[in-house]
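These are my notebook entries on a predicted model. I recorded what I looked up, one topic at a time.

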Amino acid sequence: MQGIESILYGIGIAGVAAQAAAGVLDAGRKPFDLFGIVVVALAASLGGGSLRDVLLDRTVFWIADQSYLISAMMAGLATFVLVRRVRLPARLFLLPDAIGLALFTVSGTQAALAMGAPWLVASLMGVVTGVFGGIVRDVLCNEVPLVFNGELYATASWLGALLLLGLMAYGASPGWAALAGGTTTLLLRLCAIRFRWRLPVFRARA
Amino acid sequence: MQGIESILYGIGIAGVAAQAAAGVLDAGRKPFDLFGIVVVALAASLGGGSLRDVLLDRTVFWIADQSYLISAMMAGLATFVLVRRVRLPARLFLLPDAIGLALFTVSGTQAALAMGAPWLVASLMGVVTGVFGGIVRDVLCNEVPLVFNGELYATASWLGALLLLGLMAYGASPGWAALAGGTTTLLLRLCAIRFRWRLPVFRARA
Amino acid sequence: MQGIESILYGIGIAGVAAQAAAGVLDAGRKPFDLFGIVVVALAASLGGGSLRDVLLDRTVFWIADQSYLISAMMAGLATFVLVRRVRLPARLFLLPDAIGLALFTVSGTQAALAMGAPWLVASLMGVVTGVFGGIVRDVLCNEVPLVFNGELYATASWLGALLLLGLMAYGASPGWAALAGGTTTLLLRLCAIRFRWRLPVFRARA
């Protein structure tokens, strides 16, 4: 279907832009120079998909098609200009980050399926694509990754990916499955931010 | 030989399980949620072999064969359940970690040899396979990598890999060479833990 | 042209040696054992090119040709011996690091061009090749990457890569373009160190 492919393409471009904006908003709280901010934006927005493509031995998506690179740079620079003029709330980057998480989860899961990966690998590829960029962003900003400390983040990604795979196993079209999975991930993440849903944190009795 | 291949396959599955258990025991000392613990367990157990396969341009082993992924998840979850019920000594994770180091050193060296890599590269691939998962685990847990601070760790891996390669150069069968190399790595590492063998730490006069 | 290829080959070997020396001089300020120092030297000198080759899906350069690995090890060990005998100024590692940055920027950009990458990707590959090894070195040494805090570092690399690409677009031979681009990167970096040229550091009003 050509329709579904152009939708997924648009989803990918939008996800890259959202994660680049989130990267700039996060890096902007550190004393970085303009280059450092661009690097964090690129790493945050392209890191997850790059790892997915390297693991699946596909051509890395932003090398095959420069549009993603340009989208990330434009979104990063636009956010940079905006953020210097307007006083923004500290946690604003959480919103584009959540959107990027949902979009990348969907595109990562479907890219792995298209390579013939089994369902468990495909769902993990969705999580990797959604989460890894944010981990790299936090490591470069010298923060503990947001993902690990009880935030309902990667879990939201995984549940969305599993729903997508389950719907397709029951015969849903890729488009509807992507819509349902992505919406689930986004809503779970937004509820987690809004209502402070957290996973129980566990510490061994050592 | 079909015999040696099934032995190496079993070695790989056991090594993945051992490193996943070590990852959970290490991550369990941090306030991580269940997902964070699963991620650390997967990164610790699959990271070294993934880097090896990406560098050698092989299909990543746990994408080609889901058994590794399932083995890592089962071992991680079993350790997680165990660790919540029983009070475990703080350094317990060192034992499965040492076993995983020995198993991965052997499988990494032989995988590189099978790709036709020269001996120096093959021995380093053994070290990468054995050590990189643990480095990722420690970086994700925000600790200085265990490897660098005078622990006889990667050195034990390298000596085992070099012995394996030396024995094969003198005509030993892959099975015996693997046994001798892996046992050497394991014994060196266990002695290093038990008798506090350490490499001299060096600091430049700056 | 066989002449230009052997020049680029020599540039690559020299760049690896320079970055390995810089890695040892940097790691030598931490209490690392000999193995840790070798790892940091190898990661610093081979990391950038490895990431470039994995992203471009080329055979990793130091696996295809062991000379790079041997060059990195020899340069690292020679620096290690030297540094134990002579009292060296703390910031000495900045000089080989700058040379390595210039050499890697050139070789990374031209490797990407040879794969048919478009110019924006090619210039970023030059930056990745030049900068990523140093980022890995700093992360392994548990320091904030030198690159991000206003140092004119990656920017020097990018300007050199863009000059190289611009000259080639206007018909310059690869050799002259490489010479001009590499010299630009080196001079910018040396001036930045000598005259404390820095990029403006930016912090969002959050």
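**Entry 1: a helix pair within chain A**

I began with helix H5 (residues 94-114) of chain A and helix H8 (residues 174-195) of chain A, whose axes come within 9 Å and cross at roughly 150 degrees. Because angles over 145 degrees count as roughly antiparallel, I entered H5(A) as roughly antiparallel to H8(A). I noted the crossing of H5(A) and H8(A) as right-handed.

I then listed the residues that make the contact. H5(A) contributes A:Leu94, A:Leu95, A:Ala98, A:Ile99, A:Leu101, A:Ala102, A:Thr105, A:Val106 and A:Gln110. From H8(A) I wrote down A:Pro174, A:Ala178, A:Gly181, A:Gly182, A:Thr185, A:Leu186, A:Arg189, A:Leu190 and A:Ile193. Sorted by class, the contact of H5(A) with H8(A) holds twelve nonpolar, five polar and one charged residues.

**Entry 2: a helix pair between chains A and C**

How do the axes of helix H4 of chain A and helix H6 of chain C cross? I found that the axes of H4 (residues 67-85) of chain A and H6 (residues 119-140) of chain C come within 10 Å and cross at roughly 70 degrees. Since 65 to 115 degrees counts as roughly perpendicular, H4(A) is roughly perpendicular to H6(C).

On the H4(A) side, the contact is made by A:Leu69, A:Ile70 and A:Met73. On the H6(C) side, I recorded C:Leu120, C:Val121 and C:Leu124. I classed the residues of this contact as six nonpolar, with no polar and no charged residues.

**Entry 3: a serine in chain C**

I next looked up C:Ser71, which lies in helix H4 (residues 67-85) of chain C. Is C:Ser71 buried or exposed? Its relative accessible area is 13%, and because buried means under 20%, I entered C:Ser71 as buried.

Where does the side chain of C:Ser71 reach? I found that it reaches the backbone oxygen of C:Ile13 at 3.3 Å. With neighbours within four places in sequence left aside, C:Ser71 is in contact with C:Ile13, C:Val16 and C:Ala17.

**Entry 4: chain A as a whole**

I closed with the make-up of chain A, in which I counted eight helices and two strands. Read from the N terminus, the elements of chain A follow the order α-β-α-α-α-α-α-α-α-β. Of the 206 residues in chain A, 57% are buried. I also noted that, among contacts in chain A with a separation of 6 or more, 75% join residues 24 or more positions apart.

Definitions and conventions
Residues are numbered from 1 along each chain as its sequence is written. Chains are lettered from A and ligands numbered from 1 in the order in which they are written. This is a predicted model: local features need pLDDT of at least 70, side-chain atom pairs count only at pLDDT 80 or more; totals for chains, interfaces and linings use all residues. Side-chain values use heavy atoms; hydrogens and water are left out. Axes are lines fitted to C-alpha atoms, for helices over the stretch in contact, and angles run from 0 to 180 degrees between N-to-C directions. Helices (H or I, at least four residues) and strands (E, at least two) are DSSP runs, numbered from the N terminus. Angles under 35 degrees count as roughly parallel, over 145 as roughly antiparallel, 65 to 115 as roughly perpendicular and the rest as oblique. A crossing is left-handed if the near helix is turned anticlockwise from the far one by less than a right angle, and right-handed if clockwise. Contact means heavy atoms within 4.5 Å. Ala, Val, Leu, Ile, Met, Phe, Trp, Tyr, Cys and Pro count as nonpolar, Asp, Glu, Lys and Arg as charged, and the others, Gly among them, as polar. Buried means under 20% relative accessible area, exposed over 50%, partly exposed in between (1.4 Å probe, protein chains only). A polar contact is a pair of N or O atoms within 3.5 Å; within protein, one must be able to donate a hydrogen and the other to accept it, and residues adjacent in sequence count only if both atoms are side-chain atoms.
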